[in-house]
Protein chains: 2
Amino acid sequence: MTRIYQARIYVTLRPSVLDPAGTAVQSGLQHMGYDNVEQVRIGKYIELNLKADDEATAQQQLDRMCDQLLANPVIENYRFELVEVEALV
Amino acid sequence: MTRIYQARIYVTLRPSVLDPAGTAVQSGLQHMGYDNVEQVRIGKYIELNLKADDEATAQQQLDRMCDQLLANPVIENYRFELVEVEALV
């Protein structure tokens, strides 16, 4: 039986990599009066639907998609969650 | 007592808004052979640390930060989670 999974993928910069966009947002927030904000880091949040026979297959495919296209493994980490949204008979 | 919360903020395009970047990624994945992928949507994932007296205050401040700077309420939705990481005496 084929199933449809929704994947929620979080791509974040590795801790050792500088994040100028995060620094700019932090500075913007501080100028607006939010001087209690620190360590702003900006990443990507990707949602997609994936057809697969089972969760293990979906996970393997997602790992490859992340390594090959969705994340840059040199400077980024990723993690994802899978939620089954539909079972196709 | 002041506490430090880590906020994890998810900013997504409203469902009615076109996502050309998501379409491009979907097309890229399909060209790489992942033709079982659909409905790719790309959003932002923001992490930040926030000093506040309690969780309700932190939530109120984050709501305002999201409305004013982190998200564009015309085309984007946001949601966030708060995790207490430290209590300062």
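This passage describes the interface between chain A and chain B in a predicted model, followed by the aromatic pairs and salt bridges.

The two chains meet through equal numbers of residues, with 30 residues of chain B in contact with 30 residues of chain A. Together, chain B and chain A bury about 2800 Å², and 60% of this area lies on carbon and sulfur atoms. On the side of chain B, the residues that lose the most area to chain A are B:Tyr34, B:Asn36 and B:Tyr45, which together account for 22% of what that side buries.

Four elements of chain B each give two or more residues to the side that touches chain A: β1 (2–13), α1 (20–31), β2 (37–52) and α2 (55–70). Of these, β2(B) gives the most, with 15 residues. Sorted by class, the side of chain B that touches chain A has 15 nonpolar, 8 polar and 7 charged residues.

Polar contacts were found across the interface of chain B and chain A, in 12 residue pairs with both members at pLDDT 80 or more. For salt bridges, the count across this interface is 0.

Strand pairing also joins the chains. Strand β2 of chain A (residues 37–52) is connected to β2(B) by 11 bridges, and the two strands run antiparallel. Within this pairing, A:Tyr45 stands opposite B:Gly43 of β2(B).

Aromatic contacts involve A:Tyr45 as well. Over all chains, the count comes to 7 aromatic pairs. In one of them, formed by A:Tyr45 and B:Tyr10, the ring centres are 5.4 Å apart and the planes stand at 65°, so the pair is edge-to-face. This pair crosses between chains, from strand β2 of chain A, which holds A:Tyr45, to strand β1 of chain B, which holds B:Tyr10. A:Tyr45 thus has B:Gly43 opposite in β2(B) and a ring partner in B:Tyr10.

Charged side chains were examined next. Side chains that carry opposite charges can pair when their charged atoms come close. Over all chains, the count comes to 2 salt bridges. One salt bridge is formed by the side chains of A:Glu84 and A:Arg3, at 3.1 Å from N to O. The partners belong to distant parts of the chain, 81 residues apart: A:Glu84 is in strand β3 (residues 76–88) of chain A, and A:Arg3 is in strand β1 (residues 2–13) of chain A.

Notes: Residues numbered from 1 in each chain as written. Chains lettered and ligands numbered in written order. Predicted model: local features only at pLDDT ≥ 70, side-chain atom pairs only at ≥ 80, totals over all residues. Heavy atoms only, no water. Contact = heavy atoms within 4.5 Å. Buried area = accessible area lost by both parts, 1.4 Å probe. Salt bridge = Lys/Arg side-chain N within 4 Å of Asp/Glu carboxyl O. Polar contact = N/O pair within 3.5 Å; in protein donor to acceptor, adjacent residues only side chain to side chain. Nonpolar A, V, L, I, M, F, W, Y, C, P; charged D, E, K, R; others polar. Pairing = 2+ DSSP bridges. Phe/Tyr/Trp six-rings, centres within 6.5 Å; stacked < 30°, edge-to-face > 60°.
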